[in-house]
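Subject: Handover of a structure and the findings from it

Dear colleague,

Please find the structure below, followed by an account of what was found in it. I would be grateful if you read the account with the structure open beside you.

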Amino acid sequence: MKKKQRTAVEPVEMLPSPSSHDEEDKNEASVKAKRSKQMEPGQEEVVYHPVKLSRNDLYRPPTAEELSQLKEAESLFHCSLLKMQMDELLKEVALGERKKQEIESYIQTITKLLQTVPDSPEVEVNDVTWLSGAVKVPFLFVPKTTKGKFHMAPPASIDLIGSFPLGTCTKPHVMVDLAVTIPADVLHPKDAINQRYARKRALYLAGLAQHLKSSSEVGTMRYSCLHGNRLRPVLLLNPPGKGPPTFSVCVHVCPPPGFFKPGRFHPQRNNIRTEWYTGLQSSQSGGSEPPTPHYNSSVLGDLLPRAHLQFLSAVSTQCPAFTDGVALLKVWLHQRNLDRGTGCFNGFLASMLLAYLLITHRISNTMTAYQLLRNGLNFLDLTVNGISLSKEPDSTAPSLAEFHDAFQLQHEASVSMEFWDNPTIDGFHCLLMTSKPMIRTSDHVFQLCDLVKLQASCKKQNLLAELMDHSGNYVQTALPFILSLLEQGLGQRIHLLTHSLSPDPEVWSVESEAPKYKAQPPLSFGVLLRPELASSVLERGPPADSPKAAEFRQLWGPRSELRRFQDGAITEAVLWEGKSMCQKRLVPKQIVTHLLQLHADIPESCVRYVGAMVDDVIKTGSEVPSTGEEESLVVVQSYDDLSRKLWRLENLPLAITAVQGAHPALRYTQVFPPQPLKLDYSFFEREKVFKALVPREGKPCPAYITPITVICHMEGSGKWPNDRVAIRHIRAAFHIRLAELLKKQHNYTSRATPAHVDVWKDGLVFRIQVAYHREPLVLRESVNAEGMLVVKDNEEAQLLEMATIHKPLLTSTLHGLQQQHPCFGAVCRLAKRWLAAQLLSDDITEDTADLLVASLFLHPAPFSAPCSPQVGFLPADYTEIKNSFMASRESLPVMFIATPKDKNLSMWTKRAPNVQMLQRAMTVAAESLKVLEHQLTDSSQTQDVRVIMRPPLDAYDVLIHLNPKQVPLLGQAVDPPAVTFSRGALTDGAAQSGGALPVIDYNPVSLFLTELREAFGDLALFFCDPYGGMVISVLWKPKAFAPAAFKTSHMCARTVKVTGAEANTVPNVEAILEDFRVMGKGLVKSVEAKTEKWSF
């Protein structure tokens, strides 16, 4: 008993006592000494003993700080785990003391080198001959010349600025900013005009690079642009050493404080003269020059870094959690790719935002980092106007120019606030741990590849003033116009149009010229669509006599035409091409290419639209391509008609209580939905007994006809027997009766079997199964030896319940989800096509895949769902499910899916996948995602998205190649062969319901796979793509090749090996491979053994 008490107390005794600091220091020194001894080789392992605490220390009341932390964890977080995750993240991104010392040492080295910059003779600004050929100037001289003198001189001062001295510098991209002040005698008060200051700044930076290049202590040097601004080049320094650099020093060149008057840089002032920029004489007076706000902001930004640092330092001393709050906000921005590139919301703006909220008392100085992040995002979500830190209402200070991307920022903040308080969502991972690149967050993405074409756009739209303001950067000049044009054209079809924050360019060598504007990567745009309007082919405009009609015609050009509608209105309208849903989804592409060609002179060949590239793997049809929506709708309509006719059948012994579909095609998720067939009777001959059709000898395998499962529930009655065999007989009788009535009342060709009745209707086959609601209960009942009735669950009852109750419910529920989210079915089809292509469809079943996709639509955090409203598909009690899951985790399957009707057992994943296959699926999915994103975003590569559908076959031991003539789904293969076969179906004419019954559910490949698994399932695993796969891959089980003791009853596919007096058996691989050929005669083309190592 005492031993138990001591064991329980000892972990608590390890906490140090704050009341005796001397003892704590001694204990710490003792522990350090023990650790140092432990590190010595040859020493015995040291056993650590817990620190003994007195009874007063052990049971002392909590301090005020501890009470505050407990209260914070209780009131602010869903659980204490979230608080611990936040704390651990802050420790992970913060710089350690050793790293800080390393950075400070390197800064001191760089500072000493910079202080020894030699003087140079005074030359013209346009003369760069004083530079050695090894260093180039990081500036594009457009125009070529400007007035002014320049010479090198030692810096007036060198100061640390930015996040490092403030304490908000975070990993992994550690950037330390160093401000080098240009001596006043190098500059002239009038250097603010015509890029004189910008050019001297770049020349001074090149002079610094030339001086540092001679030192071996500097390491690597590269140029970059501050947030993509070509007027503000910077020098990036990395310390010497092996491996990738752990931090970079960013050298900024700044004018002396107060050298330029801030009033000169008001957003409405001009500092670029048209005559100088164009080289043409202008008749305009100086007062009519256009304003240059972007240029002014660039120069003004170099005047203020020290003032900003002083301001932020003062704010951070008032709020203890300020630095941690900024760190969390920077992580949030980084995960959304909003913190780098042109127009980004960088760490500096994040710091200024929190500082603004603090000085305006929107947040309190006593708030925690968690509260600062939450209130910062809430402000971004709700704010309408820009913010200003100026206290004077008529201040000449410019507004935040970088805030032009506020719509994307506000959208991300809004999405984050939506799921912040949802206890069913892991808020920590969604907010701060999940990366959100544009390719994943946008419905459609397109790129402008040949950026030099934007020069013509600027010329056509007469954007000379804006081009001067951006100092010749035609990409940044044309971008606002293109965004405005596309937003106007796409209109109500979209929620949001955003663009990539182009690095323009990221870095380049100091020995290279500054890259041209056209050398930057393609400009990417992302679109969030409104699903109810995005695919509309009609753009209805104003009435013909409306004043807005001219504006509409000017926007759409020759595509606009007058149309008369059914309500009698005559209006301007634009009609886009699109017959199938697959084509209608690309109406935004037609709009984008048309508007860019019409108004920006950007040809369609320069627009790379990647919004629907992946759809090709599920696309069918040659004349009108389709991704399955139209075919699924035909199936659903035919099923609805059959359902109504079943309800109206007369002369049935019992009434029908429910007709439910139980097939993926009825919920729009079948990868390749069944298509109505018109049979070519010359391909078949009649079977003698049932007069059914069978293919003639020598013909290819007939077209595969999928039976569409329909569950028909009959009403309860006292006449139903309680014996399982008798119930089956009654159901068989109902099948016979249904076939007779359907033939008599509707002339449908049907065939009844004990398990179902197949109905040939509209070129489709419906497989009707009669269900009795008490049959699963009867299957669970049994009588024991004592004559007692025992109810015990068994697999037969579970399978029947799954087929007759759960699958129909799943089908109807997901059908409703499809109505809410029009692209749900297409996503399911793509996901299941990928699973099948990667040979994983036997482990992650269709139902499981559909549920996984449904969870992404209904719980999309941190992404937004493709459709705006979320429906309550999983309205179960999350806390109840989580508690039950944690209590029974060891007995539950490795993949757990909870639904309202199955909160505790995960019936959909009970049998598969196992741990190994789930791990493989996760690994392959991660690699496929990486490859797919690279394919979609990298315009320099040959586009072949099907590469993610081609599984590597090198890891398999045996490959069974199949005869394409006997593969009925050959046309659905990832890479279908050019040779096609006639399979007894006509392409012309409408399918009919009458006639002989075709060959149903006959797929030689799946039947062969079943036989292989039954015969050799203990020795190997068999994999095949069910959609036109030409290869069956075989993987030997390692344990199957362990020698086993000789037994005459266990000699199937084994051979005897005698070692001394002991006889063992091992698998006879050569005989097994021959069995593969024999069993698959006519179907198997060849058997290829990839390895001959059968021993493991």
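We may begin with Val142, which sits in the loop that runs between strand 1 (123-124) and strand 2 (149-150). Please bear in mind throughout that the model is predicted. Because its relative accessibility is 37%, and the range between 20% and 50% is called partly exposed, Val142 falls into that class. Leaving aside residues up to four places away in sequence, Val142 touches Gln195, Arg199 and Tyr277. Val142 also illustrates how the chain brings distant parts of the sequence together: Thr278 is 136 residues away from Val142 in sequence, yet their C-alpha atoms are 9.9 Å apart in space.

A second place to examine is helix 10 (residues 293-301). Its buried residues are Tyr295, Asn296, Ser297, Ser298, Val299 and Leu300. Which elements cover these buried residues of helix 10? Among them are helix 8 (196-213), strand 6 (229-238) and helix 19 (464-469).

Two pairs of helices deserve attention next.

In the first pair, helix 22 (residues 548-556) packs against helix 24 (residues 587-600) at an angle of about 95 degrees, and their axes are 8 Å apart. Since angles of 65 to 115 degrees count as roughly perpendicular, helix 22 is therefore roughly perpendicular to helix 24. Helix 22 contributes Gln554, Leu555 and Trp556 to the contact, while helix 24 contributes Ile591, His594, Leu595, Leu598 and His599. By class, this contact of helix 22 with helix 24 comprises 5 nonpolar and 3 polar residues, with no charged ones.

In the second pair, the axes of helix 33 (residues 1004-1016) and helix 34 (residues 1069-1079) come within 11 Å and cross at roughly 150 degrees. The crossing of helix 33 with helix 34 is right-handed. On the side of helix 33, the contact is formed by Phe1008, Glu1011, Leu1012, Ala1015 and Phe1016; on the side of helix 34, by Ile1072, Asp1075, Phe1076 and Met1079. The contact of helix 33 with helix 34 holds 7 nonpolar and 2 charged residues, and no polar ones.

Finally, a word on the cysteines. How many disulfides are counted? The count is 0 disulfides. Cys458 has a relative accessible area of 5%, which is under 20%, so Cys458 is buried. Cys701 is buried for the corresponding reason, because its relative accessible area is 2%.

Yours sincerely

Terms used:
Residues are numbered from 1 along each chain as its sequence is written. This is a predicted model: local features need pLDDT of at least 70, side-chain atom pairs count only at pLDDT 80 or more; totals for chains, interfaces and linings use all residues. Side-chain values use heavy atoms; hydrogens and water are left out. Axes are lines fitted to C-alpha atoms, for helices over the stretch in contact, and angles run from 0 to 180 degrees between N-to-C directions. Helices (H or I, at least four residues) and strands (E, at least two) are DSSP runs, numbered from the N terminus. A crossing is left-handed if the near helix is turned anticlockwise from the far one by less than a right angle, and right-handed if clockwise. Contact means heavy atoms within 4.5 Å. Ala, Val, Leu, Ile, Met, Phe, Trp, Tyr, Cys and Pro count as nonpolar, Asp, Glu, Lys and Arg as charged, and the others, Gly among them, as polar. A disulfide is a pair of cysteine sulfur atoms within 2.5 Å. Buried means under 20% relative accessible area, exposed over 50%, partly exposed in between (1.4 Å probe, protein chains only). Angles under 35 degrees count as roughly parallel, over 145 as roughly antiparallel, 65 to 115 as roughly perpendicular and the rest as oblique.
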